[in-house]
Amino acid sequence: MPSLRPAAEGTESTGQPAPWGRRRVLLLNATFEPLTALPMRRAVVLVVCGKAEVVHGDPTGLLMHSATSSVAIPSVIRLSNYVRVPYRGRVPLTRAGLMHRDRYRCAYCGGRAETIDHVVPRSRGGPHTWQNCVASCAKCNHRKADMLALRAALDGLTSVDG
């Protein structure tokens, strides 16, 4: 296959010349579902080999030349054949993920969270799921113990919706 080289320099949104190695092209499945962003060179190869078609060209109108032909640089391409994407299961519940979701703040008092608390305690049949777990400071987690969150709020811990 002849080597492909750019015919002209493009520009990024900052006005600086875009490095050809870092330009990305959106790859769509045959059903127009987004799959990934490819390097520009790989996208051009898919188009030249007939495995993809150009949905939208590059707004700068850049061309890539080989010894015998030239190809317009695409910004979006679509695969000719459908590619089945394996089903991705649920996001696993991790301590780091839960703390990030709750922004490291206690669900009960708003202080700095250090532990994970189950709203419906596991000892009372509560599941270990995203909906039943919250970030909590050690003090509130200890005071709540194995009570239900509503019961703990009524007992003077604090309001649950705060």
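**Note on the fold, cores and surface**

1. L35 counts as partly exposed, because its relative accessibility is 32% and the partly exposed class runs between 20% and 50%. This residue sits in strand β3, residues 34-39. Keep in mind that the model is predicted.

2. L35 also belongs to a surface feature. Together with V83 and V85, L35 makes a nonpolar patch of about 200 Å².

3. Now the overall layout. The chain has nine strands and four helices. Their order along the sequence is β-β-β-α-β-β-β-β-α-β-β-α-α.

4. Next, the interior. The largest nonpolar core holds 14 residues. L38, M40, V44, I73 and I77 touch the most other members. Three elements give two or more residues each: β2 (24-28), α1 (40-48) and β7 (74-79). The top contributor is α1, with four residues. In soluble globular proteins, nonpolar side chains tend to be buried together.

5. Which residues does L38 contact, leaving aside its neighbours within four places in sequence? They are R23, R24, V25, L27, A43, L46 and I77. Another core lies apart from the largest one. That second core has six residues, including C106, Y108, V134 and C137.

6. Some totals for the chain. There are 162 residues, and 31% of them count as buried. The exposed area is about 10,600 Å². Carbon and sulfur atoms supply 55% of that area. Take the contacts between residues at least 6 apart in sequence: 50% of these join residues at least 24 apart.

Notes: Residues numbered from 1 in each chain as written. Predicted model: local features only at pLDDT ≥ 70, side-chain atom pairs only at ≥ 80, totals over all residues. Heavy atoms only, no water. Core = buried A, V, L, I, M, F, W, Y, C linked by side-chain atoms within 4.5 Å. Buried < 20%, exposed > 50% of the residue type's maximum accessible area, 1.4 Å probe, protein only. Contact = heavy atoms within 4.5 Å. Patch = residues over 30% accessible without salt bridge, like charges linked within 9 Å, V, L, I, M, F, W, Y side chains within 5 Å. Areas by Shrake-Rupley, 256 points an atom, 1.4 Å probe, with all protein chains shown as cover. Salt bridge = Lys/Arg side-chain N within 4 Å of Asp/Glu carboxyl O.
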